[in-house]
Structure formats: C-alpha cells, structure tokens
Amino acid sequence: VKFFKIYRWDPDVPGQKPYTATYPVDMNECGPMLLDALIKIKNEQDPTLTFRRSCREGICGSCAMNIDGANGLACLSYIDTESSEPHAVYPLPHMYVLK
C-alpha cells in the first residue's frame, strides 16, 4: 500500500481553507504511474478529486502538477514503491485552483 498526500480545496465553499488529504492505494491493483493512482483514487475513494488529463502519453501537458516538490507530468511520473514516504501532489505553483 502506498499513500498519496493530495492538496484539496474547493473555492466555492465559503470559509474553507486549503488542506491535504491522504489516500491509500494498493499498488498490486494500480498501474505504475502517478496518473494511474490519481484516477484510481477518483474512481474508488473520492469522486470530488479533480485534475486535468488527456493523452496519457506525455505529449499534451494536461496532467502537469507539482509532484514531491518538483513540477512534472503525472502520466510520466513513476510511483516510488521502494519508499515508505507518501507522494505529495499539489497544483502547479503559478496556476489558479478552479475546483
């Protein structure tokens, strides 16, 4: 089981402040990329999780996000299964959070 610490905030909810939520993912039932884990979390644990994705091949750039402190594409970022530390996922620092 790998844990993912994901930035959450809904600007439409008055008074809500940004926070991080931690989600467990069984890596035996998930693909090797971070985008696979995000899709699994959205489909099975939290349907309110929102992110952009499109080609899944590293071409379009839609799944760009801040992953463990570095900007990158979720579809090209392998999940580090050797480390016990949770992966930290945040929006890009120069972009607005819409939902």
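From the N terminus onward, the secondary structure elements of the protein chain follow the order β-β-α-β-β-β. The chain thus comprises one helix and five strands in what is a predicted model. The C-alpha trace extends over about 40 × 30 × 25 Å along its principal axes. The radius of gyration of the protein chain is 13 Å, in agreement with the value near 13 Å that a compact globule of 99 residues would have. Among contacts with a separation of 6 or more, 43% are made by residues 24 or more positions apart.

Of the 99 residues of the protein chain, 35% are classed as buried. The exposed surface of the chain amounts to about 6400 Å², of which 51% is supplied by carbon and sulfur atoms. With regard to charge, the chain carries 10 positive and 12 negative side chains, and 7 Å separates the centres of the two sets.

The helix, α1, spans residues 34-44 and is largely enclosed by the rest of the structure, because eight of its 11 residues are buried. The buried positions in α1 are L34, L35, D36, A37, L38, I39, K40 and I41. These buried residues pack against four strands, namely β1 (2-8), β2 (19-25), β3 (64-67) and β5. An α-helix has 3.6 residues a turn, so residues three or four places apart point the same way. In α1, the buried set runs without a break from L34 to I41.

A search of the whole structure for disulfides returned zero. For C30, the nearest cysteine sulfur belongs to C75 and lies 14 Å away, and C30 takes part in no disulfide. C30 is nevertheless buried, its relative accessible area being 16%. C75 likewise belongs to no disulfide, the nearest cysteine sulfur being that of C63 at 3.5 Å. Because a disulfide requires cysteine sulfur atoms within 2.5 Å, the separation of 3.5 Å between the sulfurs of C75 and C63 does not qualify. C75 also counts as buried, with a relative accessibility of 7%.

The loop between β4 (70-73) and β5 (87-90) contains Y78. This tyrosine is classed as exposed, since its relative accessibility is 60%, a value above the 50% cut-off. Contacts of Y78 are nevertheless found with P32, M33 and H87, when residues up to four places away in sequence are disregarded. The C-alpha atom of Y78 is also 8.9 Å from that of L35, although 43 residues separate the two along the chain. L35 itself is one of the buried residues of α1.

Two loop residues were noted for their backbone conformation. Most residues other than glycine have a negative phi. R56, which is not a glycine, has a positive phi near 65°. The position of R56 is in the loop between α1 and β3, and its relative accessible area of 42% makes it partly exposed. In D68, also a residue other than glycine, phi is positive at about 55°. D68 occupies the loop between β3 and β4 and is partly exposed, with a relative accessibility of 42%.

Technical notes
Residues are numbered from 1 along each chain as its sequence is written. This is a predicted model: local features need pLDDT of at least 70, side-chain atom pairs count only at pLDDT 80 or more; totals for chains, interfaces and linings use all residues. Side-chain values use heavy atoms; hydrogens and water are left out. The radius of gyration is taken over C-alpha atoms; the globule rule is 2.2 Å times the number of residues to the power 0.38. Buried means under 20% relative accessible area, exposed over 50%, partly exposed in between (1.4 Å probe, protein chains only). Contact means heavy atoms within 4.5 Å. Accessible areas come from the Shrake-Rupley method with a 1.4 Å probe; for residues, only the protein chains shown count as cover. Lys and Arg count as positive and Asp and Glu as negative; His and the chain ends are not counted. The place of a charge is taken as NZ of Lys, CZ of Arg, CG of Asp or CD of Glu.
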